[in-house]
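Visitor: I am new to this structure and would like to go through it in questions and answers. Please show it to me before we begin.

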Amino acid sequence: AVVSTQSTGAIKLVVNDELRRHFAVSSGKQKISVWHEVLAGAGAGSCQIVITTPMELLKIQMQLASQIPGNKTTALQLAKNLYADKGIKGLYKGTVVTALRDVSFSCVYFPLVGIGCQYFASEGDDKFTSFIKTLAVASFAGASASGLVTPFDVVKTRIQTVTPGVNTVTYNGIPDTFAKVIKNEGFGALYKGCVPRMSVIAPLMAIAQSVYFIGVAEMLFGVQQKKY
C-alpha cells in the first residue's frame with residue numbers, strides 16, 4: 001500500500017506541476033486561478049489510474065488469499081491468473097470507480113495545498129521553514145481529501161473483490177454497490193476505514209509534497225525552481 005501510494009503520489013505531483021506550468025504560461029500569470037488548480041489536480045489524478053487500478057486490485061486479492069490457511073500465492077501468480085482468466089480487462093476491474101476516487105482526491109488535495117502554501121508563505125522563509133509549512137498544509141490537505149473520497153474507496157474495494165467469500169454480497173456496478181452497501185450496512189458503512197486511511201495518506205502525501213515543493217531535485221542538479 002505504501003509503495004502504491006508513493007509511486008502514484010510521485011506521478012500526481014509531476015503531472016500536476018506540469019499542468020500548473022501550462023496554465024500559468026497560457027494565461028500569462030505567475031499564479032493560476034482556483035479553477036485551473038482543480039483542472040490540474042483532475043489531470044494529475046487521471047494519469048495515475050493506469051498504475052493504481054491493477055496494483056490495488058492485486059493488493060485486495062492478496063489480502064483475500066492470505067486469509068486462506070496455507071495459501072502461498074504471490075502477487076505475480078495472481079496477476080497471471082487474472083490475465084489468463086479475464087485478459088487485460090481483468091487487471092483493470094473497477095477502473096471507473098478508481099478514477100472517481102483518485103480524480104476527486106486530486107481535485108481537493110492540490111487546490112488546498114496550493115492555496116494553503118500561498119496563504120502561509122512569507123518572504124523571509126528559509127528552506128526549512130518552507131518545508132515545515134508545506135508539511136503541515138499537505139498533511140491537512142491529504143487527510144481532508146482522503147476522508148472525503150472514502151465512499152469511493154469503499155465501493156472500489158467491494159467491486160474489486162473478484163473472489164467473494166462465503167455469504168458475500170455480489171455487486172454489479174457503482175450505483176448498485178452504493179445502494180447495497182447503504183441498504184445492508186447503513187450509510188456509515190461508506191466511511192469504513194476513514195480514519196486509518198486518513199492517518200496513512202496524510203503523512204505520506206505530506207512528505208512527498210514537501211520534498212517536491214522545496215525542490216530537492218532542483219537543488220541536487222542545480223536547476224532553478226519555478227512555482228506556479
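Visitor: What share of the area that the protein exposes do carbon and sulfur atoms supply?
Guide: The model is a predicted one. In this model the protein exposes about 12500 Å². The share of that area supplied by carbon and sulfur atoms is 66%.

Visitor: What percentage of the residues of the protein count as buried?
Guide: A residue counts as buried when its relative accessible area is under 20%. The protein has 228 residues. The part of them that meets this cut-off is 39%.

Visitor: How many helices and how many strands does the protein have?
Guide: Read from the N terminus on, the elements run α-α-α-α-α-α-α-α-α-α. The count is therefore zero strands and, for the helices, ten.

Visitor: At which residue does α2 bend?
Guide: Helix α2 covers residues 34–66, which is 33 residues. From its first C-alpha to its last it reaches 44 Å, close to the 48 Å expected at 1.5 Å a residue. The helix α2 has a bend of about 45°, and the residue there is Ile-49.

Visitor: How are α7 and α8 oriented to each other?
Guide: The axes of helix α7 (residues 150–159) and helix α8 (residues 174–185) come within 10 Å. Residues of α7, including Phe-152 and Val-155, meet residues of α8, among them Phe-178 and Val-181. The two axes cross at roughly 100°. Angles of 65 to 115 degrees count as roughly perpendicular, and α7 and α8 are therefore roughly perpendicular.

Technical notes. Residues numbered from 1 in each chain as written. Predicted model: local features only at pLDDT ≥ 70, side-chain atom pairs only at ≥ 80, totals over all residues. Heavy atoms only, no water. Helix = DSSP H or I, 4+ residues; strand = E, 2+ residues; numbered from the N terminus. Buried < 20%, exposed > 50% of the residue type's maximum accessible area, 1.4 Å probe, protein only. Areas by Shrake-Rupley, 256 points an atom, 1.4 Å probe, with all protein chains shown as cover. Expected span 1.5 Å × (residues − 1). Bend = angle between axes of the 7 residues up to and from the residue. Axes fitted to C-alpha atoms, helices over the stretch in contact; angles between N-to-C directions. Parallel < 35°, antiparallel > 145°, perpendicular 65-115°, else oblique. Contact = heavy atoms within 4.5 Å.
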